[in-house]
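I opened this notebook to record what I looked up, entry by entry, with rings first, empty space next and backbone geometry last.

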Amino acid sequence: MRDEKRLNKDWQFHYGEVGIPNKTAKKAHALGGLAAPLTEEVGNRVIYGAGGAHFLKLIAQGDEIQGLKHLAGTDFDSDLDQDWQTIGIPHDWKISRPYTQAPELLMSGSKEEGVGYYRKTFSLKDALIDQNRVLLHFEGVMRSADIWLNGAYLGHNDSGYTSFSFDISEMARYGDEGINVLLVRVDTTTGAEGWWYEGAGIYRDVWLEFLPLISFDRESAYIYTKELEETGAILGTEVCIENHSSDTVEVTPVIKIDEHVIPLIQQVLQPFESRTIKETFHFPSPILWSPELPHLYTAVFQMETDECRKNFGIRTFTYDTQGFHLNGSLYELRGVCEHQDFAGVGVALNQDIVDYKVKTMKEMGVNAWRSAHHFASAELLEACDRFGILLMNENRLLESSPWRMQDLENMVKKSRMHASMAFWSVANEEVIGNTDLGSRIAKKLVRCIKQQNYESLVVSAELLNPEGIVNEDYLANYDVLGVNYPEADAMGPGAMKIKERYPKRSIMSTENASYFSTRGIYKDDEKKCHCSNFGSLFSMILPGKRQPGDPGAGGTATPEKVLNYLSDHQYMGGVFLWTAFDYYGEPSPFGWPAISSQFGIADLCGFAKDYYYYYQARWKKEPILHILPHWNEEGLEIKEDGLVSVRVFSNANEVELFVNGTSYGRKKVTNGIANWEVFYQAGRISATAYEENNPINEIYCETSSAISAINCKKIFEGNDCSLFALEAIDDQQRFVPTSDHQLSIHVENGEVIGLANGNPIDQETHNLENIRLFQGKALAIIRGKGASIQMKAMIKK
């Protein structure tokens with residue numbers, strides 16, 4: 001049966017060039033150097049037989065090593081020096097590099113590109129020979145990657161967003177042959193794929209897979225929903241069986257789903273033959289997958305020599321001129337767009353961090369996620385399946401070059417059986433969109449997707465223009481026309497004009513909002529790159545502070561405008577808000593010293609900003625009540641007449657506001673919001689929510705005194721990592737929302753793998769021992785078993 005071995009631990013890493021090994025060789029497996037065993041490691045740099053030894057001696061006066069140098073140019077000199085360090089995978093070397101002030105680096109996170117080398121050794125048992133295939137898998141390497149194994153060049157991968165694999169069965173070393181040496185060169189200087197922070201290095205899992213010689217091709221194993229009926233579901237399946245042996249074999253494959261057994265036709269395979277089997281079957285009384293009930297089935301593909309398990313969901317997706325339909329019913333998409341980085345670790349996210357991100361948005365009321373603007377990771381797909389999030393996967397570029405087509409086909413196959421896979425986006429805001437050239441390319445991309453995936457809807461995410469001008473042939477390629485920012489003033493009535501001209505065409509929002517805000521901030525400050533949560537007057541279109549209503553002031557569109565537009569245009573299907581979290585790079589509306597975006601509904605750390613609760617108030621059924629701002633005078637914008645703006649987000653009918661027990665009146669909540677202007681008095685500000693004149697909820701905040709201690713609060717516990725919020729408190733245990741004190745971090749029974757604070761200009765040297773609070777908070781990511789972790793954060797004097 002199949003097995004696997006993770007290769008995530010004990011890599012050696014070197015930042016900077018060490019001398020590029022040759023890719024072509026004069027003799028097989030004879031490159032030597034760092035791609036082969038070193039002097040202190042088990043095994044010879046080059047394996048050769050008796051005849052080889054005799055020949056090498058003949059050409060070098062009896063010196064075999066000199067003979068290899070003369071004949072093959074074998075590198076016997078390269079070695080590991082003190083600049084190599086031991087690291088674990090996933091790893092993003094760029095996150096620890098210093099920030100650099102350079103206009104050309106601003107959008108990508110103000111960090112220079114570079115080259116890094118990774119080296120890993122591993123052993124394999126003799127028993128695997130002629131009994132198993134050995135596959136080497138890389139889930140993701142950013143960016144241009146070259147790989148050597150055992151003194152030979154193994155191959156290359158261009159994109160940082162695709163997984164790739166190599167069959168190393170024959171070229172691996174087994175038993176007494178010595179260790180296997182894997183060398184990876186990662187180069188980010190060859191050209192960026194995105195304009196945001198992309199990270200650098202082996203940032204996703206690496207593993208070996210051991211397959212029996214007669215096995216299922218995992219990526220081709222596919223179960224899909226064809227139709228829902230009153231009594232059950234009609235499911236389709238296809239699976240490829242591969243015979244990598246020299247024997248003619250007979251196998252009897254079946255698929256097991258719970259107590260159901262679906263027999264497949266018995267197969268006789270000739271030596272080295274592969275065969276795909278396709279069947280349709282009825283599945284009785286299924287539990288349908290949805291965001292509200294994300295029920296997953298496990299399909300076990302089984303035969304005499306192999307077993308392959310994959311989760312899936314039974315559900316259907318359609319889209320028409322009314323909007324999106326899930327399982328036959330109209331369904332509003334409450335989505336977010338999101339890059340793949342995170343505070344403190346860059347792009348080196350494990351499953352636990354991805355789970356935290358998805359869980360945070362799910363709790364806001366999100367039911368959809370757009371992987372923007374790149375292929376979704378395996379971790380994201382898996383999390384969306386479990387938590388109940390409809391996924392829009394996205395191809396990186398509108399290009400049909402052979403290598404990009406191969407990447408697309410591979411990634412479609414890897415993701416297609418996931419329950420959450422609702423949409424494929426062909427590309428984002430391509431300038432060749434809506435042209436004849438773009439149409440020819442799009443047709444090929446869409447055909448590739450639909451040949452592999454029979455369920456997901458194919459969309460595009462298009463740039464609008466105020467006139468609504470589109471190319472009809474280009475639009476005809478897609479199931480749905482996706483448009484970005486249909487609600488934005490800068491786009492004018494473009495989306496509505498398209499709808500008027502093409503009333504039978506399905507159209508949806510694929511990107512919305514881009515609203516600026518800085519967590520815990522209630523007044524604009526250009527020097528500190530702060531944007532008020534009440535609505536900033538900074539603009540991405542024009543420099544400096546603008547007037548209310550000016551183009552781009554506060555971002556592309558306010559959250560209120562986004563949801564109001566949807567209410568008036570339900571056929572748009574829903575929203576995909578830009579973005580779930582702040583992300584490194586693209587620091588609009590500011591330049592240096594800003595190093596991160598401020599579009600997030602949560603900050604880099606996942607700490608909610610105020611409008612997180614606005615969306616909750618619009619999307620959640622349980623009582624929601626949130627008040628802003630905090631009540632410490634130094635962080636407030638107090639007008640000349642002493643008045644302070646106060647805003648409440650709630651899904652109640654009415655809310656009453658109090659300052660130190662004095663009522664400022666009860667107001668009707670309109671679309672989740674109620675506003676007041678009150679005189680500032682230090683003390684306590686509170687709000688009470690009412691339904692039918694009955695109080696149902698209360699919330700308050702109080703003016704704090706100086707910081708006294710740090711509260712280390714575990715906010716997420718995963719299988720390998722836990723996340724802790726570090727919060728400043730005073731001597732009365734009140735949160736101190738303006739503290740920016742430096743902390744020293746101490747952990748027992750765990751390892752710090754990331755520290756961050758969400759500050760959009762935090763350029764302090766990356767380390768795992770100290771962090772400065774930002775607006776009273778910071779985040780620590782700790783690897784270790786949850787209950788045994790002892791976390792302490794001390795205020796540095």
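The entries below follow that order, and they concern a predicted model.

**Entry 1: aromatic pairs**

I began with the rings, since a pair of aromatic rings is described by the distance of the centres and the angle of the planes. My count came to 37 aromatic pairs. I then took the rings of W195 and W196, whose centres lie 4.8 Å apart with the planes at 75°, so I entered the pair as edge-to-face. Are these two residues buried or exposed? I noted W195 as partly exposed, with a relative accessible area of 35%, whereas W196 is buried at 2%.

I turned next to W631 and Y680, where the ring centres are 4.9 Å apart and the planes stand at 50°, so this pair is tilted. The pair links distant parts of the chain, being 49 residues apart, with W631 in the loop between β34 (625-628) and β35 (643-650) and Y680 in the loop between β38 (673-679) and β39 (684-691). I recorded W631 as buried, at 0% relative accessibility, and Y680 as buried too, at 15%, because buried means under 20% relative accessible area.

I also looked for rings joined into a group, and found that ring pairs link Y515, Y611, Y614, Y615, W619 and F649 into a cluster.

**Entry 2: charges over rings**

Which rings have a lysine over them? I noted K357 over the face of F581, at 5.2 Å from the ring centre, and the charged end of K777 over the ring of F607, 5.1 Å from its centre.

**Entry 3: the second largest pocket**

K777 came up again when I turned to the second largest pocket, where K777 is among the residues that lie nearest the centre, together with A608, Y613, H626 and E727. The volume of this pocket is about 1,100 Å³, and 35 residues line it. I listed the elements that each supply at least two lining residues, which are α3 (351-364), α10 (611-619), β34, β40 (694-702), β41 (709-717) and β42 (721-729). By class, I entered 17 nonpolar, eight polar and 10 charged residues for this lining.

**Entry 4: cavities**

How many cavities of 30 Å³ or more does a search of the whole structure find? I wrote down six.

The largest cavity has a volume of about 190 Å³, and of its 17 lining residues, Q340, L349, V354, S377 and L380 lie nearest the centre. Two or more lining residues come from each of α3, β27 (368-371) and α4 (378-387), and α3 gives the largest share, three residues. By class, I counted eight nonpolar, five polar and four charged residues in this lining.

For the second largest cavity I entered about 90 Å³ of space and a lining of 14 residues, with Y515, F599, G600, I601 and Y615 nearest the centre. Y515 and Y615 also belong to the ring cluster of my first entry. At least two lining residues come from each of β33 (574-578) and α10, and α10 gives the most, with three residues. The classes here are 10 nonpolar, three polar and one charged.

**Entry 5: backbone geometry**

Most residues other than glycine have a negative phi, and most peptide bonds are trans, so I searched for departures from both habits. The peptide bond from A372 to H373 is cis, with omega near -5°, and H373 sits in the loop between β27 and α4. The bond from W578 to T579 is likewise cis, with omega near -5°, and T579 is in the loop between β33 and α10.

That loop between β33 and α10 also holds E586, which has a positive phi of about 45° although it is not a glycine; I noted E586 as buried, with a relative accessible area of 13%. Q61 likewise is not a glycine and has a positive phi, of about 50°, but Q61 is exposed at 76% and is found in the loop between α1 (50-59) and α2 (64-72).

**Entry 6: database records**

Finally I checked the UniProt listing, an unreviewed entry, which gives residues 644-694 as "domain: DUF4982". Over this range I found 0% helix and 71% strand, with the end C-alpha atoms 28 Å apart. The unreviewed entry also lists residues 717-789 as "domain: Glycoside hydrolase family", and there the chain is 0% helix and 45% strand, with its end C-alpha atoms 11 Å apart.

Conventions
Residues numbered from 1 in each chain as written. Predicted model: local features only at pLDDT ≥ 70, side-chain atom pairs only at ≥ 80, totals over all residues. Heavy atoms only, no water. Phe/Tyr/Trp six-rings, centres within 6.5 Å; stacked < 30°, edge-to-face > 60°. Buried < 20%, exposed > 50% of the residue type's maximum accessible area, 1.4 Å probe, protein only. Helix = DSSP H or I, 4+ residues; strand = E, 2+ residues; numbered from the N terminus. Lys NZ or Arg CZ within 6 Å of the ring centre and 35° of its normal. UniProt positions renumbered as here; feature names shortened; annotations may be inferred. 1 Å grid on protein atoms, 1.4 Å probe; cavity = no way out; pocket = protein on both sides within 12 Å on 5 of 7 lines; lining within 4 Å. Points joined across faces, edges and corners; volume = space filled by probe spheres on them. Nonpolar A, V, L, I, M, F, W, Y, C, P; charged D, E, K, R; others polar.
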